[in-house]
Amino acid sequence: MNIGIIGTGYVGLVTGTCFAEMGNTVTCVDIDVDKIVQLRTGELPLFEPGLRVFFERNIREGRLHFTTEAADAVPECDVVFLALPTPPGDDGSADLSYVKQASRDIAPLLTGYTVVVTKSTVPVGTADRVREIISASVADPAEFDVVSNPEFLREGVAVEDFMKPDRVVIGSSSPRAIEVMDRLYRPFLRNGNPMIVMDERSSEMTKYAANAILATKISFMNEIANVCEAVGANVDFVRTGVGADSRIGKQFLYPGIGFGGSCFPKDVKALIRTAADHHYSFRILDAVVSVNEMQRRRFASAIIDFFGGDLMGRRIAVWGLAFKPNTDDVREASSIPIIETILAAGGHVAAFDPEATGSTKLVLGDRIDYGDDAYEVLTGADALLVCTEWNEFRRPDLRRMAEIMQSQVVFDGRNLYDPKEMAAAGFVYRSIGRPSYSPEASLVAGELRAL
Ligand code: NAD
């Protein structure tokens, strides 16, 4: 099949590359000239495990193309995907201007029968809007259908998710369009996972409901963890105990410093807004958002309180900037507001992330230092904050850390370490929802009295 992808970001690039890997001919379009130049010279503008191999192979074999001109892609296409940003507006609603503009751009370019697919996460009713826009300026003989096909891939495992989806959701009432989508997705569903066909509105809602449930699970567990701290329980045991219940499941029960990324925060707010537009107050989701914000504030405040209320002259090391491991994406990452709070309290921050230094520089610039490896940023540090659970942070050399840090203090926002082991190694160690143990030996040695 010939496929056009309008918008070559995280979703568009992964979608296009994976469709090419299945033998389709794909042209990815983006208005960002630099990005297209980069892609055409064989460089990936983002980090995503497994993407490079598919990307290089499909370019080499002539199935994957990049252009800034929709006119180079759309006319020959059987299917055109809209993988455009839907950022939050001031009132939380999803900003549909990119989707609408691209719909206007492609309408006069459609020839023959084309399925136009909204891949972006879009509010209920958007497929109707796209259909109206295209109908207004489509060329006379062209026939088209608009289909909703929300994307459920997770950054960090996006290629794996796309190649082996749990399910493919299709919102359409057109048998012809459903047949095209079935042919396109069948190779991805050979493991027996379903293509679930429904009406467009339910399909659009399914994506928001899925993200809202996952975000709710995270905020809920963060509150359980906070109460565990208050009552002297250990959230690790509680998580294991409740996760063994098949009705609850083990996933998304890890407490931490809140969810981030380009999806959960904006999608939860957009669903609250959609409900409000229909005179319904989505109270659970209001709480999910405020717990998420509180969780970051709580973590940053705990550090500042630990040092007596201000961080003047303190060197704070940060491990992890990306909103989650295996991505370079720092959109809405918890690390950013936490670092902003540390800076506002007078602290000096030196941070290391295996992939997200470049993207963080675009946000924080030279207000913090960036290290080339995890240990470099620890030199002379008064404390280490762990903000992202990259694998390489899981088994650090505690002896080496103790030697180079000014004070052995670790605030772990991702519960990576064993509190007893950290205490035994002489660290003051704080995590989320778990008991702290005193590093008696270090206290006796006086290393921490200087705090
Ligand atoms: P992104 O910002 O990484 O990429 C969007 C791309 O669209 C950018 O490269 C931008 O330059 C381009 N663009 C903007 N206007 C254009 C136009 N008129 N023509 C061509 N290109 C244009 O966004 P993303 O993370 O890929 O997300 C896209 C959509 O998918 C959003 O609705 C998002 O909510 C949804 N989604 C994202 C994820 C994720 O993990 N990132 C997962 C599922 C769904």
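## Strand β5 and its neighbours

F81 stands opposite V117 in β5. This is a predicted model. F81 belongs to strand β4, residues 79-82, which pairs with β5 in the parallel sense over 4 bridges. Between these two strands the chain passes through helix α5, residues 97-106. That β-α-β crossover is right-handed.

β5 also pairs with strand β6, residues 143-148. This pairing is parallel too, over 6 bridges. Here V115 stands opposite D145 in β6. The chain gets from β5 to β6 through helix α6, residues 126-137. This β-α-β crossover is likewise right-handed.

## Burial of β5

How many residues of strand β5 are buried? The strand covers residues 113-118, and 6 of its 6 residues are buried. Y113, V115 and V117 point one way from β5. T114, V116 and T118 point the other way. Both sets are buried.

## The second largest pocket

About 240 Å³ of space lies in the second largest pocket. Two elements give two or more residues to its lining: α9 (200-231) and α12 (283-306). Which of the elements supplies the largest share of the lining? It is α12, with 4 residues.

The lining of this pocket includes N226, E229, Q295, R298, F299 and A302. F411, R430, S431, I432, R434 and S436 also line the pocket. By class, the lining has 4 nonpolar, 4 polar and 4 charged residues.

Note on methods
Residues numbered from 1 in each chain as written. Predicted model: local features only at pLDDT ≥ 70, side-chain atom pairs only at ≥ 80, totals over all residues. Heavy atoms only, no water. 1 Å grid on protein atoms, 1.4 Å probe; cavity = no way out; pocket = protein on both sides within 12 Å on 5 of 7 lines; lining within 4 Å. Points joined across faces, edges and corners; volume = space filled by probe spheres on them. Nonpolar A, V, L, I, M, F, W, Y, C, P; charged D, E, K, R; others polar. Buried < 20%, exposed > 50% of the residue type's maximum accessible area, 1.4 Å probe, protein only. Pairing = 2+ DSSP bridges. Right-handed = clockwise from strand over helix to strand, strands pointing away.
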